[in-house]
Structures are given as C-alpha cells and as structure tokens.
Amino acid sequence: MPRDGSDCIRAVVRVRPLLASELDAGETNCCEVPDATSLLIRTGAGPTSNHWRQYAFDACLPSDYSQKQVFQECGVTHLLDSAIEGYSATVLAYGQTGSGKTHTMMGRLGTSDGRDGRRDEGLMMRAARRLFKRALFVSDSGNNRIQKWSPGKGFRWDQLNHPVGLFVTEDATIYVADYQNHRVMKWREGWRCGLPVAGDHGAGSGLHQLLEPIDVTIDVGGALYVADNGNSRVMRWAAPQSPYEQMLSSPF
C-alpha cells in the first residue's frame, strides 16, 4: 500500500467465532491469535491436543473483533486513501464455504430486528461511506463555494439507501449499487445529484428492474454488469448515455 510505505500486497487473517450450533455440539476453536501478526493452528488430533503450528501474516484479527475493528485494522482504509490518489486497489476475500467471507465483506443484509444496522456493516459499506466522505464535493459556482455532499439516507437522486458495491472509472466517475433502492447510481464530480443508470423502477424481476443489487462493474465498452442479488442473476446494461448529464453538471 503506497500510502503508508508497507508492501503493495497484504495478507490478513480473520478468525471466525464458533456458531451457536457448533458450541452446542461441543466444538472448540482450532485457531488462536497470540499477537497482531501471528496465528496458531492446532495440528494434533482432538480438542485436547497441545500441538500447534505458528504462521505469520501482515495482520491477524481474533474472533472477538467487531466489524468496525476489522475495517480499521485490516488495511482497507489505506487502500481507499491510495485509490483516491490514483492507485488501483482490490480486496479479495478467500476462504472455504462458511468461513465468514460474506459477513466480513457485506455484513448482515436486510437487518430489520431493531438493532443498530451500522454495527454489522461489512467492509464494502464502510468503504463506500469513507470514500464518499472524502471524495464527493459539489461545485456550487452560483454561490462561489465548494459544498460537501451529505444528503443522508433516502430514495431521491441525491441520496442512497444501503450502498454496497461500487466501481470507479479512470475519470473518477463512480457507479454505486444502491442496495435498498434497487438501482445503480452514477456520480461525477460537480453533479448536484446522482443519475440512475440501471433499475430505479421499483423492486422486481423485470428486465428493467433490480432487486437488492450488490455490485457493479463496467467493461471496456462502457456496458454495466450488475450483480442482481435478489433475483440471483447478472444483468447487462448498455453504456449509459443521457441528456440529463449536462444538466447535472450545470451551476445551481
């Protein structure tokens, strides 16, 4: 990561806590984190074995770490700072089924039991929020000022509701998978609001609709590919071209 002078590639391990069903079955954890960069793996047979093998990583996060602590200490914040400066940045979650990749990256989706939803947010949501806080400003030429964008949660074109995946082009155009608004929004520096380029026709399974999209990418021709999570499909949209873009760039 160029920002802090460390290696360009970092390997970070997060130990998943045991599930309730595993605890009920009498299972014990075979991994321990003795310090910030070491991981111990039990190699002997049975939970009483005292044979351990030690491995070293750039960071090791114990099972009691919160989502916020993981975001702060895994190195993603440095990646985001580097991305804003023009570097390419990628986070790759690797592990077997059930190891906690989805929870780490996306958090608990669709939480509706009254809990604080932000507590369970994964790396993607936290990264999007940090990126928007640092990178999105509106050029308010009529008032001779640069205004920071902070619209809050909602469904208007200047708002988002649980943004998840995002894609940033070489010219700093940002495409956001707006999960709970069932659409993909396009943003450029100086725009007064975003522009829906996929979905935004209500939740549904029609070819003009999306249902809880979680990620978006763009090919060399400018076409959008959207991971339409709620419909279990990938949707392709032609390169967005709209007469509204000139209006969005105009002064207030």
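These legends describe close-up views of a predicted model.

**View 1. The whole chain, by element and surface.** The chain holds six helices and 14 strands. Of its 252 residues, 36% count as buried. The accessible surface comes to about 14,800 Å². Carbon and sulfur atoms account for 51% of that surface. Among contacts between residues at least 6 apart in sequence, 44% join residues at least 24 apart.

**View 2. An open sheet of three strands, ordered E2-E3-E4.** The pairing is antiparallel. Strand E2 (31-35) and strand E4 (52-56) are the edge strands. Each of these two pairs on one side only. On average, neighbouring strands of this sheet are turned by 30° against each other, direction ignored. Strands of a sheet pair through backbone hydrogen bonds, either parallel or antiparallel.

**View 3. Strand E3 against strand E4.** Strand E3 spans residues 38-42. Five bridges join E3 to E4. The two strands run antiparallel. Across this pairing, Leu39 stands opposite Tyr55 in E4.

**View 4. Gly107 in the loop between two helices.** Helix H4 (101-106) lies on one side of this loop in the sequence, and helix H5 (123-135) on the other. Is Gly107 buried or exposed? Gly107 has a relative accessible area of 9%, and the cut-off for buried is under 20%, so Gly107 counts as buried. Leaving out residues up to four places away in sequence, Gly107 touches Gln67, Thr102, Asp120, Glu121 and Gly122. Glu121 is 14 residues from Gly107 along the chain. The C-alpha atoms of Gly107 and Glu121 are nevertheless separated by 4.5 Å.

**View 5. Residues 153-190, annotated as a repeat.** An unreviewed UniProt entry carries the annotation "repeat: NHL" for residues 153-190. In the model, this span is 42% strand and 0% helix. The C-alpha atoms at its two ends lie 20 Å apart.

**View 6. The hairpin of E8 and E9.** Strand E8 covers residues 163-168, and strand E9 covers residues 174-178. They run antiparallel, joined by four bridges. Val168 in this pairing stands opposite Ile174 in E9. How many residues sit between the strands of this hairpin? There are five. Among them is Ala172, which takes a positive phi near 70°.

Methods:
Residues numbered from 1 in each chain as written. Predicted model: local features only at pLDDT ≥ 70, side-chain atom pairs only at ≥ 80, totals over all residues. Heavy atoms only, no water. Pairing = 2+ DSSP bridges. Axes fitted to C-alpha atoms, helices over the stretch in contact; angles between N-to-C directions. UniProt positions renumbered as here; feature names shortened; annotations may be inferred. Buried < 20%, exposed > 50% of the residue type's maximum accessible area, 1.4 Å probe, protein only. Contact = heavy atoms within 4.5 Å. Areas by Shrake-Rupley, 256 points an atom, 1.4 Å probe, with all protein chains shown as cover.
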